[in-house]
Amino acid sequence: MTRFRSLIAGLALSLASLVPAWAQMPQPPEIAARSYLLLDVTTGQVLASKEPDAPVEPASLTKLMSAYLVFDALRAGKITLTQTFGVSERAWKMPGSRMFIEPRMQVPVEDLIKGMIVQSGNDATVALAEGVAGSVERFVELMNQQAKALGMTATSYRNVEGLTAPGHTTTARDLATLATRLMNDFPQYVGYYSIQRYRYPGTPATNDTNRNLLLFRDPTVDGLKTGHTDAAGYCLVATARRPVPGLGDGPAGQRRLVSVMLGASSENARAAESQKLLNWGYTAFDTVRLLAANQPAAEPRIWKGKADTAKLGRAEGVVVSVPAGQGAGLKSTVVRPDPLVAPLQKGQPLGTLRVTTAAGQPVVEVPLTVLETVEEAGIFGRAWDAIRLWIQ
């Protein structure tokens, strides 16, 4: 008896009888940066990269993880947006980018978040770290623990703000992971990253402009964070969301990309190169919906269960990106264990959807889950299926 078999799921999107094979993947434009990565968040596919796993200094991109922990504390009810934190001497004396808060101030958490994100304030970040964890050192421990939990295996934090320090490193791939999880896990807070101007009352009026120039140039860009030190160069994690014909209306019909740009030569260069990469990603690839939310990719036979079949798919559906003009004729194959035996729980990982071109060239593999729980049958039903399985 074969333990695994390929089950054709009948999901071919045949819009033409013959579809040319891809000669090669679209080649990205020349990007003037030390390393970069372009991620299609909607499909989970990396569209382009250069040295994505090379260790680099994250500079103020460090604050993406600092924000992750602050947002997590808000979600858990450990702190509130209206709660105020004091400003320690340590926070007040932080060098580099600042919000310009002082020890006499009691600053609301929401304003500190804006200061950390819009002004990239090192003082605001330290104040938040001390308020959330009791000390900067404890907050850094939490940052490293969270990095491991998110699968950021090449990242190591030594501080909360991103100033140069031995061993304080990450990679473009890890930053893409962090950016994606930040947006997916805390959609109620990511709006802070699209704020163009902000300053706290009593601080310099000239210190009010977000350093992410793409927020002023491209209306589809809504984040995320800039960074700069002499060692790191000019860095930017940018994200945009644009509507895609055929995907539907509202947020479900929009495609989100994340560009990680590291080691550009200037503030303007990091914005221009990020814009170039984002535009290329939107024009060089088409997005195709293979499965709607909760639509089964396959309904294979299940044994010893109260139901006769199991439904395999994805709660959010399946969307893939393919080189422009190559969306016709895609084929999908479900690879799964065989036989399937109850019980199966809703959300349980089970099988993979392999997407290929008409010529059989791979596009992407998507993990599938059980869409509906299948409970175990009674004793007689299980016994009967056991006999049938033995005969088979």
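## Close-ups of a predicted model

**Figure 1. Phe 186 is a buried ring, with a relative accessibility of 0%.** This is a predicted model, and the first stop is the ring pair that Phe 186 makes with Tyr 68. Tyr 68 is tucked away too: its relative accessible area is 3%, so it falls under the 20% cut-off for buried residues. How do the two rings sit, in terms of centre-to-centre distance and the angle between the planes? The centres are 4.8 Å apart and the planes are at 80°. Since anything over 60 degrees counts as edge-to-face, that is the label this pair gets. Tyr 68 belongs to helix H1, while Phe 186 sits in the loop between helix H6 (172–185) and helix H7 (214–217), so the pair ties together parts that are 118 residues apart in sequence.

**Figure 2. Tyr 68 and Phe 186 share one aromatic cluster with Phe 71 and Tyr 189.** Zoom out a little from the pair and Phe 71 and Tyr 189 join the picture. Across the whole structure, a search turns up four aromatic pairs. Phe 71 does double duty here: besides being in the cluster, it is one of the H1 residues that meet H3.

**Figure 3. Helices H1 and H3 cross at roughly 160°.** H1 covers residues 63–75 and H3 covers residues 109–117, and their axes come within 11 Å. Parallel or antiparallel? With an angle over 145 degrees, H1 and H3 count as roughly antiparallel. The crossing is left-handed. On the H1 side, the residues that touch are Lys 63, Ser 66, Ala 67, Val 70, Phe 71 and Leu 74; H3 supplies Ile 113, Met 116 and Ile 117. Sorted by class, that makes seven nonpolar residues, one polar and one charged. Helix geometry is worth keeping in mind when reading such lists: an α-helix has 3.6 residues a turn, so residues three or four places apart point the same way.

**Figure 4. H3 also packs against H4, at an angle of about 135°.** Here the axes are 8 Å apart. The angle makes H3 oblique to H4, and the crossing is left-handed. Val 109, Leu 112, Ile 113, Gly 115 and Met 116 of H3 touch Ala 124, Thr 125, Ala 127 and Leu 128 of H4. That contact comes out as seven nonpolar residues, two polar and no charged. Ile 113 and Met 116 turn up in the contact with H4 and in the one with H1.

**Figure 5. H3 is mostly covered.** How many of the nine residues of H3 are buried? Seven are: Val 109, Asp 111, Leu 112, Ile 113, Gly 115, Met 116 and Ile 117. What do they pack against? Their neighbours are H1, strand E4 (84–86), strand E5 (106–108), helix H4 (122–133) and strand E6 (221–229).

**Figure 6. Glu 273 is a buried residue in helix H8.** H8 runs over residues 267–284. Glu 273 has a relative accessibility of 10%, so it passes the under-20% test for buried. Leaving aside residues up to four places away in sequence, Glu 273 touches Glu 30, Ile 31, Ala 32 and Met 261.

**Figure 7. The whole protein chain has nine helices and 16 strands.** Its C-alpha atoms fill a box of roughly 80 × 50 × 40 Å along the principal axes. Of the 392 residues, 51% are buried. Among contacts between residues at least 6 apart in sequence, 67% join residues at least 24 apart.

Notes. Residues numbered from 1 in each chain as written. Predicted model: local features only at pLDDT ≥ 70, side-chain atom pairs only at ≥ 80, totals over all residues. Heavy atoms only, no water. Axes fitted to C-alpha atoms, helices over the stretch in contact; angles between N-to-C directions. Helix = DSSP H or I, 4+ residues; strand = E, 2+ residues; numbered from the N terminus. Parallel < 35°, antiparallel > 145°, perpendicular 65-115°, else oblique. Left-handed = near helix turned anticlockwise from the far one by under 90°. Contact = heavy atoms within 4.5 Å. Nonpolar A, V, L, I, M, F, W, Y, C, P; charged D, E, K, R; others polar. Phe/Tyr/Trp six-rings, centres within 6.5 Å; stacked < 30°, edge-to-face > 60°. Buried < 20%, exposed > 50% of the residue type's maximum accessible area, 1.4 Å probe, protein only.
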